[in-house]
There are 2 protein chains.
Amino acid sequence: MRELASRVSQPRLAALLEAMARFGAREDGGVNRQALTEAELEARRFLASRAASLGCKVALDPAGNMFMRRAGRREGPAVATGSHIDTQPAGGKLDGVYGVCAGLEVIAALNDANVATAHPVEVVVWSNEEGCRFAPGSLGSQAYVHPKELSRLLESKDSLGTRYGDCVAALRKKVPAEERPLGAPMRAFLELHIEQGPVLEGARLPIGIVTGAQGVRWFRVRAEGEAAHAGTTPLAYRRDALRALSGLMEQLYALAERAPELRMTVGKIDVEPASINTVPAAASITVDVRHAEPARLDAAEALISGYCAAPRHGCTVAFERLMAMETTWFNEKVKASLREAAKVLDLPSMDLISGAFHDAVHLARHCPTGMLFVPSERGVSHNPTEHTDPALLAGGARVLALAVAQQAQEN
Amino acid sequence: MRELASRVSQPRLAALLEAMARFGAREDGGVNRQALTEAELEARRFLASRAASLGCKVALDPAGNMFMRRAGRREGPAVATGSHIDTQPAGGKLDGVYGVCAGLEVIAALNDANVATAHPVEVVVWSNEEGCRFAPGSLGSQAYVHPKELSRLLESKDSLGTRYGDCVAALRKKVPAEERPLGAPMRAFLELHIEQGPVLEGARLPIGIVTGAQGVRWFRVRAEGEAAHAGTTPLAYRRDALRALSGLMEQLYALAERAPELRMTVGKIDVEPASINTVPAAASITVDVRHAEPARLDAAEALISGYCAAPRHGCTVAFERLMAMETTWFNEKVKASLREAAKVLDLPSMDLISGAFHDAVHLARHCPTGMLFVPSERGVSHNPTEHTDPALLAGGARVLALAVAQQAQEN
């Protein structure tokens, strides 16, 4: 196993990441490679050609997901790894694409070490993960896991009216590939990703074993009062909608303080009529809460609904649940193999839970799934300055190589 | 004096207000008669013709203010009353125009009672008080009191690029009138206006003697932190700009609670990037504070500057004073004559301070000035539903008639 790990090449991985960063390069050093744009199609073609040169067969499914397969001694389901290569409009060089490049580096290392695995090993590019061009995010992995959703998802349109399905057709013209059905079985799926948060850096640890992904609920709270003149209206006569929400915000910030493992964010706030000398007639906030335990999400929701049960400063306050996503727990065997691989390589690791969505969250409904994080400098992501030390990137690829190889040798 | 008051006709005043409401009438019953629009020019022409039929001479000054003068036994400065006739886009039938119509009703009553005053009595239409078409508000009365500002003010443009000065030229073509210089002396100025607030209605009093206008300060407070992923960023790593301001908002609301005579309004709030799942990188609020005593405004400003002196939740917080206007105190003699007139008419009154700007605030820098309020139903103004009982409107006009007549008889 140490032999395989030593074949994972830090310079070769770094060079592939740099080569990929040229597709959609921004002047500020970042990357704008939104899903199925010309830049992303060129990047896919480049990857497919690289995979072919490593001896892989390339396939596309009807949702635009791309599979690069290294044959095993047997036919049948592969051990899959990978992530996505699309970015935010002002994205960096690592979010998503690192997991795909590391997957190809694992295949190169398997080749160099002359390892013949029992099962095929496959690197997947999941299509349209970011969701900034076509809604929803993780469109490709969702369609793969829920094939019945495909026809609806192909109709998704970008802001210019371009249809997702037409972009998939363009992809098929651009990239010579076999056909692959949605939902084909996988032995396992392992996703390697940058953390996009500060926990590993803060703990000075090179590897994070992702135990799962937090449950998420989104709310909108809206207060309605009455507009009034800022100069002529005494306090007792006001029905100030912003004031009606400020108490809730204080309670939510206090809740986050008491329960630091709860992630609570008030990300949007709006008032009407938004005039410097008018008492706000209406105000609304959004609340994003995340926690692994449903009971903690219930408690946050109860705080909000309790606050909304009574008028506040003469205003009605109403809340709406915009979205709820349950906690995902990754597969125990996959997590154990990742932990074991880190241990073999003397790379200290910690368990942590993901606060963000990933393709693996959907794959966890399909096959034994696990995730691996490497640190993100200052926790910055979705930003041109996104960065991780190349040695840490190589370390993550080595852990991935060992865990993939182990899964691919099993009966 | 009671004879003069009995000549003030409630039906005639109500009919004139209804006639004026047809210029710029909205389908919802409100009025959209913005400054120097075609509707407002037609309304001016109608008023000038009404004034002529009452024996008045009509004059215009270079800022578009209109003067309707009833001669006295002597030449020279007049006792002036009036207000404005321009409205907000969704205005009512009373704000401003009530003071002008009541002024003409005073002249009609003086005629009917055969009163010959020592000094002329003049009804003024101050131009562009609302400020929603041309900035600044109270343009006409400001130019009158500060003639040196005229050339700058004539260059003010509306949102379509139309120049204020060109609209004044159109007014002069529309309304046959004499020329009047800016800044000509006045013996006194008395403005009658609806309260635009709930105090008189709450106190069940028909008359408010306005002691002055509160000082006003406007601030903008801006916090800058760092955008971060709502899911991946633990509390300790956040620099949440909205959270940095929520403590200040609580302190400001608490201050308003402790000092109910302080008017404190947070009217605007903005966050960036305003995304449901992103910790705000920047947040800003506006603060409008009003009080008669400069020391109380200083205290509110000190609270804000003190809050901004230290970083809050890892964010810098900075404040900016956008505007400061000192408290205005009206003339003691004018106030006394208004109080006396109300007493003679058995109309109970209270003293109150205006929270809003009015033309009289500027005239107070020019001549002995006073203001009189009648109640506003539910305190609603700048709204098509703006309403005051016609009997209350007539009561205000009677008090005005007596006070004007008294000032116009003095030596």
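How are H2(A) and H4(A) oriented to each other? I'll start there, and then go to a second helix pair and to the contact between the chains. Keep in mind that this is a predicted model.

Helix H2 of chain A covers residues 10-21, and helix H4 of chain A covers residues 97-112. Their axes are 10 Å apart, and the packing angle is about 140°. An angle over 145 degrees would count as roughly antiparallel. H2(A) and H4(A) are therefore oblique to each other. The crossing of this pair is right-handed.

As for who touches whom, H2(A) brings Arg12(A), Leu13(A), Leu16(A), Leu17(A) and Met20(A). On the other side, H4(A) brings Val97(A), Tyr98(A), Cys101(A), Ala102(A), Leu104(A), Glu105(A) and Ala108(A). By class, this contact between H2(A) and H4(A) has 10 nonpolar residues, two charged and no polar.

Now the second pair. Helix H3 of chain A, residues 38-53, crosses helix H7 of chain A, residues 164-174, at roughly 35°. The axes of H3 and H7 come within 10 Å. Here too I have a right-handed crossing, for H3(A) and H7(A). Leu41(A), Arg44(A) and Arg45(A) are the residues from H3(A), and they meet Ala170(A), Leu171(A) and Lys174(A) of H7(A). That contact splits into three nonpolar and three charged residues, with no polar ones.

Next, the two chains. A turn of 180° with a shift of 0.1 Å along the axis lays chain A on chain B, at an RMSD of 0.1 Å. The two copies are thus related as by a two-fold rotation axis.

What about the surface they use? Of the interface residues of chain A, 98% are also interface residues in chain B, so the copies meet through the same surface. In residue counts, chain A puts in 48 and chain B puts in 47.

On the chain A side, several elements supply at least two residues each. Among them are strand S8 (215-224), helix H9 (241-258) and strand S13 (282-291). Strands S9 (228-229), S10 (263-265), S11 (269-272) and S12 (278-279) are also on that list. H9(A) gives the most, with eight residues. By class, the side of chain A that touches chain B has 23 nonpolar, 17 polar and eight charged residues.

To recap the helices: the contact of H2(A) with H4(A) has two charged residues, and the contact of H3(A) with H7(A) has three. That's what I have.

How values were computed
Residues numbered from 1 in each chain as written. Chains lettered and ligands numbered in written order. Predicted model: local features only at pLDDT ≥ 70, side-chain atom pairs only at ≥ 80, totals over all residues. Axes fitted to C-alpha atoms, helices over the stretch in contact; angles between N-to-C directions. Helix = DSSP H or I, 4+ residues; strand = E, 2+ residues; numbered from the N terminus. Left-handed = near helix turned anticlockwise from the far one by under 90°. Contact = placed C-beta atoms within 7 Å. Nonpolar A, V, L, I, M, F, W, Y, C, P; charged D, E, K, R; others polar. Parallel < 35°, antiparallel > 145°, perpendicular 65-115°, else oblique. Least-squares fit on C-alpha atoms with pLDDT ≥ 70 in both.
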